[in-house]
Amino acid sequence: MPIIAPSLLSANFLNLAEDCAFLNESQADWFHLDVMDGRFVPNISFGLPVISHIRTATKKVCDVHLMIEEPEKYTVAFKEAGADILTVHIEACNHLHRNIQQIKSLGMKAGVAVNPHTPVHLLQDIIQDLDLVCLMSVNPGFGGQHFIPQTLEKIRSLKKLIVEKNSHCLIEIDGGVTLENAPSILAAGADVLVAGNTVFKSKDPVATIAALKAL
């Protein structure tokens, strides 16, 4: 069964406590938390104070996705805020191995996110150290975008690399995931589905999460 990680970027921030409550009661596995700095991506989302409050509202995994420049400056702070998984972008890290070791030294699981234009073979020397690879299936920065079809081939290539390198990292897909395309995404080799609008804009978010989980 896939891991379902609703993205709180699409939640109602006037009713965040209520949204956290229904996620806790749902079959969602992780809370996916997108942090944007307005530099690495052309948008600003939320940061440490919001994540700290969300942490108090759930015992589920907090999957924190940093779409920011110089993530190494904030790793300790995100650990203290409650991140269980911390994902940094390969495009934002000049010293990726050092970044990954820093995350792991603090007791978090370490992930690397890859933008649509970045080939997955660039991960071949780091893949064994990773717990998660987040493939961006949209251009990062905004919710509600459509899934980029070429991502399916990218998933297959990444899965092949993971097997060849005897890695145990998970493949997470972030962007444009729907009930319609999720079966193809999972068939290509994905393990984790990030779903924002698909969940939070649904008439019945709990049922939508259950449907994704059942795929």
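T208 is buried, its relative accessible area coming to just 9%. Keep in mind that this is a predicted model. T208 sits in helix α8, which spans residues 205-213. Leaving aside residues up to four places away in sequence, T208 touches L179, T198, V199 and S202.

Helix α8 also holds K213, which pairs up with D29 in the loop between α1 and β2, a link between distant parts of the chain, 184 residues apart. Their closest N and O atoms are 2.8 Å apart, forming a salt bridge. K213 counts as buried because its relative accessible area, 10%, is under the 20% cut-off. D29, on the other hand, is partly exposed at 25%.

Now for helix α2 (residues 48-57), where I51, I54 and R55 are buried. Seen down the axis, the buried residues of α2 fall within an arc of 105°, so they line one face of the helix. They pack against α1 (16-25), β2 (30-36), β3 (61-67) and α3 (75-81). Flip to the other side of α2 and you find P49, H53 and T56 exposed.

R55 has a salt-bridge partner too, D84. This pair links distant parts of the chain, with D84 in the loop between α3 and β4 (85-89) and R55 in helix α2, 29 residues apart. D84 is partly exposed, at 30% relative accessible area.

The whole structure has six salt bridges, including these:

| Salt bridge | N to O distance |
|---|---|
| K213 and D29 | 2.8 Å |
| D84 and R55 | 2.7 Å |
| K73 and E70 | 3.2 Å |

As for K73 and E70, K73 is exposed at 55% relative accessibility, while E70 is partly exposed at 32%.

Conventions
Residues are numbered from 1 along each chain as its sequence is written. This is a predicted model: local features need pLDDT of at least 70, side-chain atom pairs count only at pLDDT 80 or more; totals for chains, interfaces and linings use all residues. Side-chain values use heavy atoms; hydrogens and water are left out. Helices (H or I, at least four residues) and strands (E, at least two) are DSSP runs, numbered from the N terminus. Buried means under 20% relative accessible area, exposed over 50%, partly exposed in between (1.4 Å probe, protein chains only). Contact means heavy atoms within 4.5 Å. The arc is that of the directions from the helix axis to the C-beta atoms. A salt bridge is a side-chain nitrogen of Lys or Arg within 4 Å of a carboxyl oxygen of Asp or Glu.
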